[in-house]
Amino acid sequence: MRRRSFLAMGAGAITLPALGTATAHAATATAAAPSAADASGVAPDALRALAAKIGLRIGTAVIPFDLNTPAYTDILKNQFSVVTPGNEMKWQVVEPTQGVFDWSGADRLVAFAKQNRQLVRGHTLLWHNQLPTWLTTGVSNGTIGAADLTSLLKQHIFTEVGRYRGQIWQWDVANEFFTDSNPSMINPNDFWVKNLGADIIPQAFRWAHEADPHALLFYNDYNIAGEDGTNAKSDAAYAWLKQMLAQGVPIHGVGDQGHLDTQYGFPTKMTDNLKRFAALGLKVAITEADVRTFVDGPDTQVPTDHLSTFAQPYEFSQMLKAALAVPECISFTVWGFGDKDSWVPGFFTGEGYATIYDVNLQPKPAYFDLQQDLKLAAYGAPRRVPTRMNH
Ligand code: XIL
């Protein structure tokens, strides 16, 4: 596979058309997005405010520890209208010891979101990674058999989804089930598939739906919008989703993680792939966008190839444009907004510079490109001045 071998404010560059008075602005916002995503205190050219004009939500993954840093929370509440806990809703974190729960990080983030008129993406209920050791050890030493594992999972889903019932906009119910091969398929070696069979995936959706009938339930994966170059993984996910929907499984959306890397170029089939998912009747989301490249080191994260400083914002902008082209695409979430917080340097040797703010929390070209795209989406380009022969 080409992309991943494991885990598989500043002023804008264009001028806003006159917004008119604050009242006129508020009136437009109400008409376009009753959600008040750009309500009081948020600058009209902030990402969340611009996106609200077309009913799109701009999100970010958050590490609740960062909520202690005012420079971080300022950006978080001003720029973003949806948050995803980067780790704090994963099973490993919420139940580190069997029967002993730690909801502190998740609770803190959900409360922060409410205070700042943000929605929450829950992430993630059924995944082979970041499972508690007591669970994986129990399965491997035989003390947890298939029937126990099924009821533990059911309990986990009801406990977690039930705890946040009514407070989660989108749940990533199942994460990363397809192989990176061509053709791609549901991975028979996945922890859950191997132990319980592939039917556990639709079952997880049914349980989650019962636990919170109003949450939008998502299937989430990387490279399902053509990033693999062959489109094999997208094809496999598409066929499976179609089949699940035909069987009445409560799946409401599909999330493409959107982890890109400048060395592979932009996946040109992204818009078409998102469109065909939408044509199945699904909502669509970009759930973990970042664009990594080779850098000098994890602390400074200066791209080693100067052209990357153009490719990185370009790919970010193209990804947002793919999302903007599809009305069913309801959120565009970045996987952390600052390079210092990004998972990339820790997971991809020698790479970084993957987010939209630099290591000092200053906005990068990618930020300004996204802002400009959203301005154009929100207001359109202003009409050219008339000339004698062209009016
Ligand atoms: C990552 C987190 O960002 C890291 O902090 C953690 O150590 C590993 O997981 N796909 C996903 C996310 O669905 O949950 C992963 O998050 C990144 C890849």
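Trainee: Which of the 14 residues around the ligand come nearest?

Mentor: Lys90, His123, Asn175, Glu288 and Trp335 come nearest. Keep in mind that this is a predicted model.

Trainee: What makes the approach of lysine 90 to the ligand a polar contact?

Mentor: An N or O atom in the lysine 90 side chain is 2.7 Å from a ligand oxygen atom. The cut-off for such a pair is within 3.5 Å, so this is a polar contact. Glutamate 288, with 2.8 Å between a side-chain N or O atom and a ligand oxygen, and glutamine 257, with 3.3 Å, meet that cut-off too. The protein covers 85% of the 420 Å² of accessible area that the ligand has on its own.

Trainee: Where does the ligand sit?

Mentor: The space taken by the ligand is the largest pocket.

Trainee: Why is the aromatic pair of tryptophan 343 and phenylalanine 347 called tilted?

Mentor: The search of the whole structure finds 16 aromatic pairs. In this one the centres are 5.1 Å apart and the planes make 50 degrees. The centres lie within 6.5 Å, and the angle is neither under 30 nor over 60 degrees, so the pair is tilted.

Trainee: Are these two residues buried or exposed?

Mentor: Tryptophan 343 has 14% relative accessibility; buried means under 20%, so tryptophan 343 is buried. Phenylalanine 347 has 42%, which is in between 20% and 50%, so phenylalanine 347 is partly exposed.

Trainee: How do you know that lysine 364 lies over the face of tyrosine 353?

Mentor: Lysine 364 is 3.5 Å from the ring centre, and the distance limit is within 6 Å. Arginine 121 sits over the ring of phenylalanine 218, with its charged end 5.2 Å from the centre.

Note on methods
Residues are numbered from 1 along each chain as its sequence is written. This is a predicted model: local features need pLDDT of at least 70, side-chain atom pairs count only at pLDDT 80 or more; totals for chains, interfaces and linings use all residues. Side-chain values use heavy atoms; hydrogens and water are left out. Rings of Phe, Tyr and Trp (its six-membered ring) pair if their centres lie within 6.5 Å; planes under 30 degrees apart count as stacked, over 60 as edge-to-face and the rest as tilted. Buried means under 20% relative accessible area, exposed over 50%, partly exposed in between (1.4 Å probe, protein chains only). A charge sits over a ring if NZ of Lys or CZ of Arg is within 6 Å of the ring centre and within 35 degrees of the ring normal. A residue is near a molecule or strand if one of its heavy atoms lies within 4 Å of it. A polar contact is a pair of N or O atoms within 3.5 Å; within protein, one must be able to donate a hydrogen and the other to accept it, and residues adjacent in sequence count only if both atoms are side-chain atoms. Accessible areas come from the Shrake-Rupley method with a 1.4 Å probe; for residues, only the protein chains shown count as cover. On a 1 Å grid over the protein atoms alone, a cavity is a set of points where a 1.4 Å probe fits but cannot get out, and a pocket is an open set with protein on both sides within 12 Å along at least five of seven lines; lining residues have an atom within 4 Å of a point. A molecule sits in a cavity or pocket if more than half of its atoms lie within 2 Å of its grid points.
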